[in-house]
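Good morning, colleagues. I would ask you to keep the structure in view while I speak about helix packing and internal cavities.

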Amino acid sequence: MSDPPRNSVNRAFKLATLPIGLAGRATMGLGRRLSGTSAQDVTADVQQRTAEHIFRVLGELKGGAMKFGQTLSVIEAGIPEELAAPFRATLTKLQEAAPPMKAATVHGVLAADLGADWREQFRSFDDAPAAAASIGQVHKAVWHDGREVAVKIQYPGAGDALRSDLRQVARLGRSIGALVPGMDAKALVEELHDRMVEELDYRMEADAQDGFALAYADDPEFAVPQLIEGTEHVLISEWLDGRPLSQIIADGTQEERDHAGLLYVRFLFSGPARAGLLHADPHPGNYRITPDGRLGVLDYGAVARLPEGLPPSVGQLMRRALDGAADEMLDGLRDEGFIKPHIDIEADALYDYLAPFLEPATTDTFHFSRPWMREQFARINDPRRPGYSIGLKLNLPPSYLLIHRVWIGGIGVLSQLDCEAPFRAELERWLPGFAD
């Protein structure tokens with residue numbers, strides 16, 4: 001066990017080892033190939049060592065570095081299979097666990113936020129973390145009234161580490177992007193930087209969790225843990241048992257995958273209507289399937305406040321596109337700021353570009369899969385394809401950042417689940433402007 005390094009120079013050095021290590025392993029691999037080792041064996045070995053290096057560095061650093069890795073894990077379904085396969089298990093580990101910090105550090109945070117007598121508030125407290133995330137880790141404990149609880153503790157210096165990491169990842173964007181071809185690392189880091197600062201104050205997360213818990217109390221399909229106590233760096237909630245969504249992705253039956261996928265979509269889309277909140281961190285580590293078949297949701301650090309629900313413009317734009325009204329769709333995208341006034345773009349070309357993304361809404365049921373997701377990524381990231389130039393002309397308005405994050409991340413998770421379900425009905429039920 002070790003504490004995350006806080007010094008920005010040390011953190012930058014560790015991040016710099018990612019592209020340096022990749023280059024070194026590639027050079028050694030070339031030497032092995034010249035000595036007679038098969039290209040297939042050399043490639044497999046280099047990719048495995050690189051995957052282990054990524055987990056160790058991003059996991060030890062935590063902060064923005066680990067968050068970057070977790071975000072990659074959400075959209076790995078869009079990466080070519082020969083590149084994604086060696087890294088899939090490693091990225092999945094970042095959803096569920098990472099090297100923990102020392103027990104003494106944990107006790108220090110608890111004493112600072114709950115008081116020197118913090119142990120008296122628990123019947124028992126397990127020093128070994130049950131899970132680790134980008135800016136905090138979770139411990140299982142028993143509250144003084146006998147309830148099993150999850151105690152989420154923020155890493156000391158997490159805020160400074162997060163900002164430092166995202167600056168360094170931005171500088172290393174080209175090299176890190178080489179690890180995942182087709183990924184715009186710079187754009188990804190900019191989006192993370194703008195949104196993650198909000199996750200540092202656990203009191204904001206406590207408020208969001210309370211809002212979801214109230215809206216979904218006694219729900220037969222969803223389980224939101226009841227918040228017990230929240231401070232700036234510590235959150236205490238009721239413990240929630242369940243099978244991680246990552247396990248369903250890895251070895252679930254088709255029935256389990258379909259069930260999980262439908263509940264996952266229903267929760268993401270129903271939140272704005274039922275709670276005025278959009279859960280904006282869709283990676284699988286935040287979800288569980290409880291023993292009674294409900295979808296349990298564990299983390300509320302990234303939440304968009306939408307008291308009026310999702311903007312009707314989203315559903316209206318989708319409806320125009322589905323109806324083949326290309327000119328009206330173009331006008332609507334301009335009105336919402338997705339196309340800047342000085343940009344010239346043909347309505348039919350834009351429609352052809354967007355149509356595949358709307359495919360899940362064109363049929364009563366749709367089967368999300370990694371091959372389908374990879375094809376969408378290839379269309380928009382391959383300069384040789386006509387859609388590439390169209391994508392460069394589009395703009396993402398700031399007000400849609402979190403909605404876009406949920407939309408893309410959610411599709412990535414559904415593709416990992418390889419699930420089929422009646423998703424169109426969920427859009428008609430929860431997305432304003434779509435049914436009309």
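Let me take α9 and α11, residues 202-215 and 254-275 respectively, whose axes cross at roughly 90°. An angle from 65 to 115 degrees counts as roughly perpendicular, and α9 and α11 are therefore roughly perpendicular to each other. Please bear in mind that this is a predicted model. The two axes come within 10 Å. On the α9 side, the residues in contact are Gly211, Phe212 and Ala215, and they meet Phe267, Gly271, Arg274 and Ala275 of α11. Sorted by class, this contact has 4 nonpolar, 2 polar and 1 charged residues.

Helix α11 also packs on α17, and here the axes come within 10 Å and cross at roughly 170°. Because an angle over 145 degrees counts as roughly antiparallel, α11 is roughly antiparallel to α17. From α11, the contact draws on Arg257, Ala260, Gly261, Tyr264, Val265, Leu268 and Phe269. Their partners in α17 are Val406, Trp407, Gly409, Gly410, Val413, Leu414, Gln416 and Leu417. By class, the residues of this contact divide into 10 nonpolar, 4 polar and 1 charged.

I turn now to the empty space inside the model. How many cavities of 30 Å³ or more does the structure hold? There are 5 of them, and the largest has a volume of about 350 Å³. The lining of this largest cavity comprises 23 residues. Nearest its centre lie Val265, Phe269, Trp407, Ile411 and Leu427. Val265 and Phe269 of α11, together with Trp407 of α17, also take part in the contact between those two helices.

Which elements give two or more residues to the lining of the largest cavity? They are α11, α12 (312-322), α17 (401-417) and α18 (423-430). Of these, α17 provides the largest share, with 6 residues. In terms of class, the lining of the largest cavity has 21 nonpolar, 1 polar and 1 charged residues.

Finally, α12 brings us to one further helix pair. Its axis and that of helix α13, residues 326-336, come within 8 Å and cross at roughly 160°. That angle makes α12 roughly antiparallel to α13, and the crossing of α12 and α13 is left-handed. In α12, the residues Ser313, Leu317, Arg320 and Ala321 meet Glu328, Met329, Gly332, Leu333 and Glu336 in α13. This contact of α12 with α13 divides into 4 nonpolar, 2 polar and 3 charged residues.

To close, I would draw your attention once more to α11, which crosses α9 at roughly 90°, crosses α17 at roughly 170°, and gives two or more residues to the lining of the largest cavity. Thank you.

How values were computed:
Residues numbered from 1 in each chain as written. Predicted model: local features only at pLDDT ≥ 70, side-chain atom pairs only at ≥ 80, totals over all residues. Heavy atoms only, no water. Axes fitted to C-alpha atoms, helices over the stretch in contact; angles between N-to-C directions. Helix = DSSP H or I, 4+ residues; strand = E, 2+ residues; numbered from the N terminus. Parallel < 35°, antiparallel > 145°, perpendicular 65-115°, else oblique. Contact = heavy atoms within 4.5 Å. Nonpolar A, V, L, I, M, F, W, Y, C, P; charged D, E, K, R; others polar. 1 Å grid on protein atoms, 1.4 Å probe; cavity = no way out; pocket = protein on both sides within 12 Å on 5 of 7 lines; lining within 4 Å. Points joined across faces, edges and corners; volume = space filled by probe spheres on them. Left-handed = near helix turned anticlockwise from the far one by under 90°.
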